[in-house]
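Good morning, everyone, and thank you for making time for this. Please have the sequence and the model open while I talk, and follow along on your own screen.

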Amino acid sequence: MSVNINELSLPDGQIVSDNEEIKKLSSDKFTEAIEEDNQPLAVIQAKSVADVQAAVKFANDNRIPVTARGAGTSIVNGSAAEKGGLIIDLTQLNKILEINIPNQYAIVQAGVLNSDLDEEVRKHGYFFSPDPGSKRISSVGGNIATNAGGMSSLKYGTTKQSVVGLQVVLADGKLVELGGKTFKNNAPYDLTDLFVGSEGTLGIITAATVKLLPIPFGNPVTGLATFNNMKQLSIGVQNISGSGLYPSMMEALNKTSIEALDNLEKSDLGKGGAESLLIFQLDVAPAGAVDALKKILTKSGALQVNVTDDPGYAKKIIKIRQDYYQAEAAYGRLIVEDVAVPLSKLPDLADFVEKLQFTSKVTAFLGGHAGDGNFHPNFAVSKDYSETPADVNDAINKIFKYVQSIGGTISAEHGIGDLKYKWVLPQLGEDVVELQRKVKKAFDPNNILNPGRKV
């Protein structure tokens, strides 16, 4: 069916139909560019919720795909264009609508950047706890759509734990309010949680009510510990997790990751020939906690342990860790993976990944949020290759298969998109997949919302 985009009337926004502009707004920043013969019909730059409603209703009436796009930071091709469909650009829905300190919540539009919200509420003595590595460049709406994690998810949970309510445009263009402004609400089915992590396949999130937390009292304690290898580090992580110390962060880096960060930051994380590095933080450190932490790490095989309560040093260390992907990307085209396993299996996963061998020109990295069993095996492929080498694809498949065999998941915080679509059935099984299809059909009977992704 031929669709005339000029028949779409927007109350406030604009329709982008210029091919070059469409290209810029049709690809995710960290995945392959959209080919010209695979471009969408148009990009809708929404300036209001009414624009989103009008665009979605038009797409539904004409049975064409529609994909919501925020900051475009998906690494699983989750918000890239669908051929012949519409991209709804939400970046101009970027207002913080309310900061309510007495009730500890904020209401924000989907296009607000995570770091902008966090910086604003910190002026009031509060913070927004989700902190993905893309914090400075990813939107709150995108964080919610993928249930993003991050460094502090160990203590404060993933984005889901911070979402109290949502404003959502459904597939027929209707606007619904889910959840509310209270931290407990058993009146409805928990549709709010259902939409968190749904990757735009059930509806388009236009605003959210999110929980704010008071900044913990006192200075946090931040430290570095070095180990002989990632397997030994993972044992240390497991021991700390069961100690009752409740660290707010435990981040792991293998040798190549340390080298990449040292090259980028001109730092010296690899001092003394460290083969693996643990960055940890206690944002609340009761009496005796630091000594207990040092003893656990030493007993777990740590070669060196350094701890400080200097906030300036802590900020520097965390900034270095946030630049993880940027550092690795200097080595070539970066392929970022995201898996998680039960904590007791973390040493086995580290050992499995580190033993992978390559004949192509590729640098393999391993790091991530070790405290909640979430590792990122990443691969920087030489720009000499126009396509991903076979041994890299083979390594990724081996990792996914191994992770699933030990009770883990092939997506911890980055979503499924279409790059991991084929791994959903082996992990979930036919019965659960069919149940998800029924849920999708209930919300999106014409299958226009990000079709072919997630479900």
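Let us begin with an open sheet of 4 strands, whose order is 1-2-4-3 and whose pairing is mixed; please keep in mind throughout that this is a predicted model. At its edges are strand 1 (14–16) and strand 3 (66–69), each of which pairs on one side only. On average, and with direction ignored, neighbouring strands of this sheet are turned by 25 degrees against each other.

Within the sheet, strand 2 (residues 42–45) and strand 4 (residues 86–89) run parallel and are joined by 4 bridges, and in one of these the partner of Ala42 is Leu86 in strand 4. Helix 2 (residues 49–62) packs on the sheet, where it touches strand 2, strand 3 and strand 4, and its direction makes about 170 degrees with that of strand 4.

Now move along the chain to strand 8 (residues 163–169), where 7 of the 7 residues are buried, so that the strand is largely enclosed by the rest of the structure. Strand 8 runs antiparallel to strand 10 (residues 204–211), with 6 bridges between them, and here Val168 has Ile205 as its bridge partner in strand 10. Strand 8 also pairs in the antiparallel sense with strand 9 (residues 175–179), over 5 bridges, and Gln167 is matched with Glu177 of strand 9. The hairpin formed by strand 8 and strand 9 has 5 residues between the strands, and in it Gly173 takes a positive phi near 95 degrees.

My last topic is helix 10 (residues 311–322), which has 12 residues and reaches 16 Å from its first C-alpha to its last, close to the 16 Å expected at 1.5 Å a residue. Which residues of helix 10 are buried? They are Ala314, Ile317, Ile318, Ile320 and Arg321, and, seen down the axis of the helix, they fall within an arc of 155 degrees, so they line one face of helix 10. The face turned away from that buried side carries the exposed residues Lys315 and Lys316. At the N-terminal end, Asp310 caps helix 10, with a side-chain oxygen 3.0 Å from the backbone nitrogen of Gly312.

Among the elements that cover the buried residues of helix 10 is strand 14 (276–282), and Gln281 lies in strand 14. Gln281 is itself buried, with a relative accessible area of 12%, and its contacts beyond four places in sequence include Ala314 and Ile318, two residues that we have just met on the buried side of helix 10.

Terms used: Residues numbered from 1 in each chain as written. Predicted model: local features only at pLDDT ≥ 70, side-chain atom pairs only at ≥ 80, totals over all residues. Heavy atoms only, no water. Expected span 1.5 Å × (residues − 1). Buried < 20%, exposed > 50% of the residue type's maximum accessible area, 1.4 Å probe, protein only. Arc of directions from axis to C-beta. Contact = heavy atoms within 4.5 Å. Polar contact = N/O pair within 3.5 Å; in protein donor to acceptor, adjacent residues only side chain to side chain. Pairing = 2+ DSSP bridges. Axes fitted to C-alpha atoms, helices over the stretch in contact; angles between N-to-C directions.
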